[in-house]
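User: I would like to learn how to read the features of a structure one at a time. Could you take me through this one, giving the general idea before the particular case?

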Amino acid sequence: MKALVYNGPGKKALEERPMPALQAPTDAIVKVIKTTICGTDLHILKGDVPTCEAGRILGHEGIGVVEQIGLAVTDLKKGDKVLISCITSCGKCENCKKGMYSHCSHGGWLLGHRIDGTQAEYVRIPYADTSLHKLPESVDEEAAVMLSDILPTGYECGVLNGKIKPGDTVAIIGAGPIGLATLLTAQFYTPAEIIMVDMDANRLEVAQKFGATKLVNATDGKAAEKILELTDGRGVDVAIEAVGIPATFIMCEDIVTAGGVIANIGVHGTKVDLHLEDLWSQNITITTRLVDTVTTPMLLKTILAKKIAPEKLITHRFALDKILVAYEVFGKAAETKALKVIINAL
Ligand SMILES: NC(=O)c1ccc[n+]([C@@H]2O[C@H](COP(=O)([O-])OP(=O)(O)OC[C@H]3O[C@@H](n4cnc5c(N)ncnc54)[C@H](O)[C@@H]3O)[C@@H](O)[C@H]2O)c1
Ligand SMILES: [Zn+2]
Ligand SMILES: [Zn+2]
């Protein structure tokens with residue numbers, strides 16, 4: 001089968017690989033229909049994720065059809081259409097029983113990281129009963145791909161942790177796929193204002209179409225001041241960090257109002273200053289989270305009911321044998337205006 005393989009920092013190739021085989025009775029083999037590329041795949045390629053070894057097939061998102069199941073898989077059968085969760089979970093360990101699948105003792109973020117992933121014609125999924133979600137035939141397949149990672153991430157780490165309430169003023173820093181997924185799902189709770197912050201004018205324009213009420217371009221380094229102006233000096237009830245750099249977390253510290261929440265989504269690679277000398281008296285809450293994908297079944301219902309249309313995030317489509325071009329386009333998002341790219345594996 002064809003697969004996109006990480007061959008060490010800066011190196012990737014479309015290679016011919018053997019079909020995956022069942023390794024445990026709880027495994028399933030899934031024939032991939034559609035997959036996508038995540039910003040995290042670019043981090044791996046830069047060498048930022050040392051736990052991902054050379055030779056790994058990348059990809060942790062996608063939908064497919066069950067090809068084969070292990071003897072202990074009870075809820076799935078050959079031919080079922082399924083959503084592949086970016087988080088693998090056994091469903092039985094202490095953390096899984098708390099709904100914290102991201103910290104499953106036997107799972108967590110495995111796909112395209114510690115085991116071969118979805119940017120291939122077939123993928124092996126451990127603990128298939130809990131790590132796959134059955135999809136109805138009628139589902140919009142491209143919308144469903146957005147459920148593997150970005151929608152639960154935006155919703156769980158941003159919206160739920162941020163405790164967004166009706167009437168709140170919310171700022172989302174970063175209008176990438178994750179920030180935009182947060183924007184879509186924040187609207188379940190009817191906040192009064194959603195201020196979207198980015199440096200990319202195209203992404204801000206997309207955010208406006210997706211329901212942002214105010215836009216702030218951060219290119220001049222004065223985003224925090226502008227947000228304070230927009231809120232009459234009060235700041236925001238919920239500041240959501242969806243970039244992953246010190247400057248944007250500190251922006252959240254500068255704009256959160258008394259009693260507010262800073263919900264961090266971004267993956268941080270360097271230390272960030274926490275200004276407790278200013279914040280100690282402000283009754284604020286700071287949250288962090290690795291996506292658990294525990295809300296995926298709920299989010300699937302909102303897609304089936306057409307309450308959100310995440311397929312609008314898709315800007316480009318490629319066949320699997322053109323995945324190197326897809327990486328090129330996705331990696332130059334500022335020029336190509338790429339948000340999510342769909343890779344068709346069938
Ligand atoms: N917590 C989790 O479980 C989890 C899961 C998935 C992704 N993530 C992380 O979420 C973050 C966002 O992911 P993404 O795929 O949307 O990334 P992305 O790189 O596509 O988007 C980030 C956006 O931030 C903007 N930006 C950069 N610097 C800025 C600044 N100084 N001010 C304002 N905007 C700025 C960029 O223009 C870009 O549009 C990443 O750090 C990613 O690793 C976290
Ligand atoms: Zn991802
Ligand atoms: Zn577990």
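Analyst: What follows goes through the domains, the ligand, the sheets and two single residues. Please keep in mind that this is a predicted model.

User: Into which domains is the protein chain divided, and how far apart do the C-alpha centres of domain 1 and domain 2 lie?

Analyst: A domain need not be one unbroken stretch of chain, as the assignment here shows: domain 1 is made of 2-149 together with 293-344, while domain 2 covers 153-287. Between the C-alpha centres of domain 1 and domain 2 the distance is 28 Å. Where the two meet, 13 residues of domain 1 are in contact with 13 residues of domain 2, and the side of domain 1 that touches domain 2 is made up of seven nonpolar, two polar and four charged residues.

User: Why does ligand 1 lie between domain 1 and domain 2?

Analyst: The place of a ligand can be read from the owners of the residues around it. Here domain 1 (2-149 + 293-344) and domain 2 (153-287) both contribute residues to the shell, and ligand 1 therefore lies between them. Of the 30 residues around ligand 1, those that come nearest are Gly39, Gly174, Gly176, Ile178 and Gly244.

User: Which elements supply at least two residues of the shell around ligand 1, and how many nonpolar, polar and charged residues does the shell have?

Analyst: The elements that each supply at least two residues are helix H1 (39-46), helix H5 (150-162), helix H6 (177-186), strand S10 (193-198) and helix H9 (246-255). The largest share, three residues, is that of H6. Sorted by class, the shell around ligand 1 holds 16 nonpolar, nine polar and five charged residues.

User: How should I read the open sheet of six strands, and what is its order?

Analyst: Strands of a sheet are paired by backbone hydrogen bonds, in either a parallel or an antiparallel arrangement. In the open sheet of six strands the order is S11-S10-S9-S12-S13-S14, and the pairing is parallel. Strand S11 (214-217) and strand S14 (285-287) stand at the edges with a single partner strand each, so one side of each has no neighbour in the sheet. From one strand to the next the twist averages 15°. Helix H5 packs on this sheet, where it touches strand S12 (236-241), strand S13 (256-264) and S14, and the direction of H5 makes about 160° with that of S13.

User: Which residues stand opposite valine 197 in the neighbouring strands?

Analyst: One can follow the register bridge by bridge. S10 and S11 run parallel and are joined by four bridges, with valine 197 opposite valine 216 in S11. S9 and S10 also pair in the parallel sense, over five bridges, and there isoleucine 173 stands opposite valine 197 in S10.

User: Are the residues of strand S9 buried or exposed?

Analyst: Side chains in a regular strand alternate between the two faces of the sheet. Strand S9 (residues 169-173) is mostly covered, with five of its five residues buried: Thr169, Ala171 and Ile173 point one way, Val170 and Ile172 point the other way, and all are buried. Strand S7 (residues 122-125) likewise has both faces covered, with Tyr122 and Arg124 buried on one side and Val123 and Ile125 buried on the other.

User: What does antiparallel pairing look like in this model, for example in the open sheet of three strands?

Analyst: That sheet has the order S2-S1-S4 with antiparallel pairing, and its edge strands, S2 (12-16) and S4 (56-57), each pair on one side only. Strand S1 (residues 2-6) is joined to S2 by five bridges, with alanine 3 opposite glutamate 15 in S2. Elsewhere, strand S3 (residues 28-36) and S7 pair in the antiparallel sense over four bridges, and the bridge partner of alanine 28 in S7 is isoleucine 125.

User: Finally, why does valine 325 count as partly exposed, and is leucine 300 buried or exposed?

Analyst: Burial can be judged by counting the C-beta atoms around a residue, 20 or more within 10 Å making it buried and 12 or fewer making it exposed. Valine 325, in helix H12 (residues 323-331), has 13 C-beta neighbours inside 10 Å and therefore counts as partly exposed. Leucine 300, in helix H11 (residues 296-304), is buried because 20 other C-beta atoms lie within 10 Å. Leaving aside residues up to four places away in sequence, leucine 300 touches His133 and Leu147; its C-alpha atom is separated by 9.9 Å from that of methionine 146, although the two are 154 residues apart along the chain.

Terms used
Residues are numbered from 1 along each chain as its sequence is written. Chains are lettered from A and ligands numbered from 1 in the order in which they are written. This is a predicted model: local features need pLDDT of at least 70, side-chain atom pairs count only at pLDDT 80 or more; totals for chains, interfaces and linings use all residues. A residue is near a molecule or strand if its C-beta atom, placed from the backbone, lies within 6 Å of it. Ala, Val, Leu, Ile, Met, Phe, Trp, Tyr, Cys and Pro count as nonpolar, Asp, Glu, Lys and Arg as charged, and the others, Gly among them, as polar. Domain bounds come from an automatic or database domain assignment. Two strands pair if DSSP finds at least two bridges between them. Axes are lines fitted to C-alpha atoms, for helices over the stretch in contact, and angles run from 0 to 180 degrees between N-to-C directions. Two residues are in contact if their C-beta atoms, placed from the backbone, lie within 7 Å.
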